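Walk through this model from one helix outward to its neighbours, its loops and the chain as a whole. Terms are given their cut-offs where they come up.

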Amino acid sequence: MSDTIEYERLTEALIEIWTIYQGAITRHGVKDIAHELKKSDKTIYAEVSLSNLHTYIESIRNYSEHIGKPGYNPKLGLVDFIIGMIKSKDVAPLVAVASFFKMACFKVPEKGLDKEDVLQLLQNMNKEYTEGVNATLEAVKDNTVSRDEARDNRKECMDIVNAASRLMAFYDAVLDDNQ
C-alpha cells in the first residue's frame with residue numbers, strides 16, 4: 001500500500017462509511033448513543049454530518065502554515081465510532097473500513113453452532129456467490145466494466161469472501177476444540 005493519500009478515493013470511502021454509520025446509529029436511536037457518550041444528540045449529528053466531514057477532509061488536504069487550521073470541526077473519534085457500533089449492534093461501518101483497505105473481516109461464529117447454523121452459513125455463502133457471479137456477468141455483458149460496476153462488483157466479491165470466511169471460522173473452531 002502506498003503511503004500517498006489519494007484524497008478523492010479516501011473521500012469516496014469516508015462518505016460510504018459515514019453514511020453506513022449514520023444509518024446504524026439513527027436506526028438504533030441517536031439519543032441513546034448520545035447518552036452513552038455523555039454528549040448531546042446535536043453533537044452526535046454534527047460529528048456524523050457529511051458537510052462537516054467534507055470540511056474536515058478539505059482542511060487537512062489544503063492545510064498551509066499561512067492559512068492555518070479552521071476553528072472547529074466536529075470529529076467522530078475512534079472510541080465514539082466503536083461505541084456506536086456496539087450500541088447499534090451494526091458493524092457494517094467496520095466492514096466498509098476493512099474493504100477500503102482491501103481487507104476482509106468477518107464475524108467469528110460462536111462455539112456450539114449446530115447443523116441448522118452451518119446450513120444457514122452455507123445458504124448465505126451460496127447467496128453471496130450467486131449475487132457476485134450474476135453481477136459480474138451483467139457487468140461484462142457489453143465487454144466493458146464501468147467504474148460504478150467495478151465498485152459495486154468489488155463489494156459483491158467482498159461479500160463472498162466474508163461469507164466464506166465465516167464458514168472457515170466455523171471449521172477453525174472445530175479444529176481448535178479438537179486439539
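Helix 5 has five residues to start from: D80, F81, G84, M85 and S88 are its buried residues, where buried means under 20% relative accessible area, exposed over 50% and partly exposed in between, computed with a 1.4 Å probe on protein chains only. Viewed down the axis of helix 5, these buried residues fall within an arc of 135°, so they line one face of the helix. The arc is that of the directions from the helix axis to the C-beta atoms. An α-helix has 3.6 residues a turn, so residues three or four places apart point the same way. On the other side of helix 5, the exposed residues are L78, V79 and I86.

The model is predicted: local features need pLDDT of at least 70 and side-chain atom pairs count only at pLDDT 80 or more, while totals for chains, interfaces and linings use all residues. Residues are numbered from 1 along each chain as its sequence is written, and side-chain values use heavy atoms, with hydrogens and water left out. Helices (H or I, at least four residues) and strands (E, at least two) are DSSP runs, numbered from the N terminus.

What do the buried residues of helix 5 pack against? They pack against helix 1, helix 2, helix 3 (41–47) and helix 6, with contact meaning heavy atoms within 4.5 Å. S88, one of the buried residues of helix 5, can be related to T26: the C-alpha atoms of the two are separated by 8.7 Å, although they are 62 residues apart along the chain. T26 belongs to helix 1 and is partly exposed, with a relative accessible area of 49%.

T26 also leads to the packing of helix 1 on helix 2. Two packed helices are described by the angle between their axes and the distance between the axes. Helix 1 and helix 2 pack at an angle of about 95°, and their axes are 6 Å apart. That makes helix 1 roughly perpendicular to helix 2. On the helix 1 side the contact is made by I25, T26 and H28, and on the helix 2 side by V30, D32 and I33. The axes are lines fitted to C-alpha atoms, for helices over the stretch in contact, and angles run from 0 to 180 degrees between N-to-C directions. Angles under 35 degrees count as roughly parallel, over 145 as roughly antiparallel, 65 to 115 as roughly perpendicular and the rest as oblique.

Helix 1 (7–28) is also included in what covers the buried residues of helix 4. The buried residues of helix 4 are L53, I57 and S59. Down the axis of helix 4 they fall within an arc of 160°, so they line one face of the helix. The 12 residues of helix 4 (residues 50–61) should span 16 Å at 1.5 Å a residue, and the end C-alpha atoms are 16 Å apart, which agrees. The expected span is 1.5 Å times one less than the number of residues.

Two loop residues have a positive phi. K89 follows helix 5 and lies in the loop between helix 5 (78–88) and helix 6 (92–100). Its phi is about 55° although K89 is not a glycine. Is K89 buried or exposed? K89 is exposed, with a relative accessible area of 76%. N143, in the loop between helix 7 and helix 8, is likewise not a glycine and has a phi near 65°. N143 is exposed as well, at a relative accessible area of 72%.

On either side of that loop, residues can be paired across the sequence. E138 lies in helix 7 and is partly exposed, with a relative accessible area of 48%. The C-alpha atoms of E138 and N153 are separated by 10.0 Å, with their positions 15 residues apart along the chain counted as the separation. N124 is found in helix 7 (residues 115–140). N124 and L167 are 43 residues apart in sequence and 9.7 Å apart in space, C-alpha to C-alpha. Leaving aside neighbours within four places in sequence, N124 is in contact with A163 and R166.

For the chain as a whole, the secondary structure comes to eight helices and zero strands. Of its 179 residues, 30% count as buried. Among contacts with a separation of 6 or more, 74% are between residues 24 or more positions apart. The chain averages a pLDDT of 84, and 88% of the residues score at least 70; pLDDT is the predictor's confidence in each residue, from 0 to 100. Helix 2 (residues 30–37) has the highest mean pLDDT among the elements, 94, and helix 8 (residues 147–177) the lowest, 81.
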